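Here's a quick briefing to read with the model open beside you. Take a look at the fold before you go on.

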Amino acid sequence: RDTLKAIQEALKGGPRTIPEIAEATGIPSPKVLWHVMAMKKYGKVTEAGPAGDYFRYQWKEASS
């Protein structure tokens, strides 16, 4: 649960790549990727376009 909250807080600061989220939260990239993909599947996170070799992800507000 704390992992999800940390990722959510990181994304509320604006779109970020998986490595940026990992760096901001101290959570290993593979674990961040797994959680972000799960949140994307359930409509909590959306892709925000490419950033170099990575995609940026952004938090999708509850209103949408």
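Two strands count as paired if DSSP finds at least two bridges between them. Helices (H or I, at least four residues) and strands (E, at least two) are DSSP runs, numbered from the N terminus. With that in hand, here's the core of the picture: three strands form an open sheet in the order β1-β3-β2, with antiparallel pairing. β1 and β2 are the edge strands, each pairing on one side only.

A word on the source: this is a predicted model, so to speak of local features a pLDDT of at least 70 is needed, side-chain atom pairs count only at pLDDT 80 or more, and totals for chains, interfaces and linings use all residues. Residues are numbered from 1 along each chain as its sequence is written, and side-chain values use heavy atoms, with hydrogens and water left out.

**The sheet**

- Strands of a sheet pair through backbone hydrogen bonds, either parallel or antiparallel.
- β1 (residues 16-17) runs antiparallel to β3 (residues 54-59), and two bridges link them.
- Want the exact partners? R16 is bridged to Y57 in β3, while T17 sits opposite R56 in β3.
- On the other side, β2 (residues 45-51) also pairs with β3 in the antiparallel sense, this time over five bridges.
- Two of the partners here are E47 with Y57 of β3 and A51 with Y54 of β3.
- β2 and β3 make a hairpin with two residues between them, and G52 in that turn has a positive phi of about 70°.

**Two residues to click on in the sheet**

- T17 belongs to strand β1.
- Is T17 buried or exposed? T17 has a relative accessible area of 5%, so T17 is buried (buried means under 20% relative accessible area, exposed over 50%, partly exposed in between, using a 1.4 Å probe and protein chains only).
- Setting aside neighbours within four places in sequence, T17 is in contact with A51, Y54, F55 and R56 (contact means heavy atoms within 4.5 Å).
- Q58 is part of strand β3, and because its relative accessible area is 30%, Q58 is partly exposed.
- Q58 and E47 are 11 residues apart along the chain, yet their C-alpha atoms are separated by 6.3 Å.
- Leaving out neighbours within four places in sequence, the contacts of Q58 are L11, P15, K44, V45, T46, E47 and A48.

**Helix α1 across the sheet**

- Helix α1 (residues 2-12) lies across β1, β2 and β3, and runs at about 95° to β3 (axes are lines fitted to C-alpha atoms, for helices over the stretch in contact, and angles run from 0 to 180 degrees between N-to-C directions).
- Which residues of α1 are buried? They are T3, I7, A10 and L11.
- These cover an arc of only 95° around the axis, so they end up on the same side of α1 (the arc is that of the directions from the helix axis to the C-beta atoms).
- An α-helix has 3.6 residues a turn, so residues three or four places apart point the same way.
- The buried residues of α1 pack against β1, α2 (18-25), α3 (29-41), β2 and β3.
- Flip to the face of α1 turned away from its buried side, and you'll find the exposed residues D2 and K5.
- After α1 comes G14, which has a positive phi, near 130°.

**How the helices pack**

- α1 and α3 pack at an angle of about 80°, with their axes 11 Å apart.
- That angle is why α1 and α3 are described as roughly perpendicular to each other (under 35 degrees counts as roughly parallel, over 145 as roughly antiparallel, 65 to 115 as roughly perpendicular and the rest as oblique).
- T3, L4 and I7 of α1 make this contact with K31, V32, H35, V36 and M39 of α3.
- H35 lies in α3, and its 14% relative accessibility is why H35 counts as buried.
- Not counting residues up to four places away in sequence, H35 touches T3, L4 and I7.
- α2 and α3 pack at about 115°, with their axes 9 Å apart.
- α2 and α3 are therefore roughly perpendicular to each other too.
- For that pair, I18, P19, I21, A22 and T25 of α2 meet S29, V32, L33 and V36 of α3.
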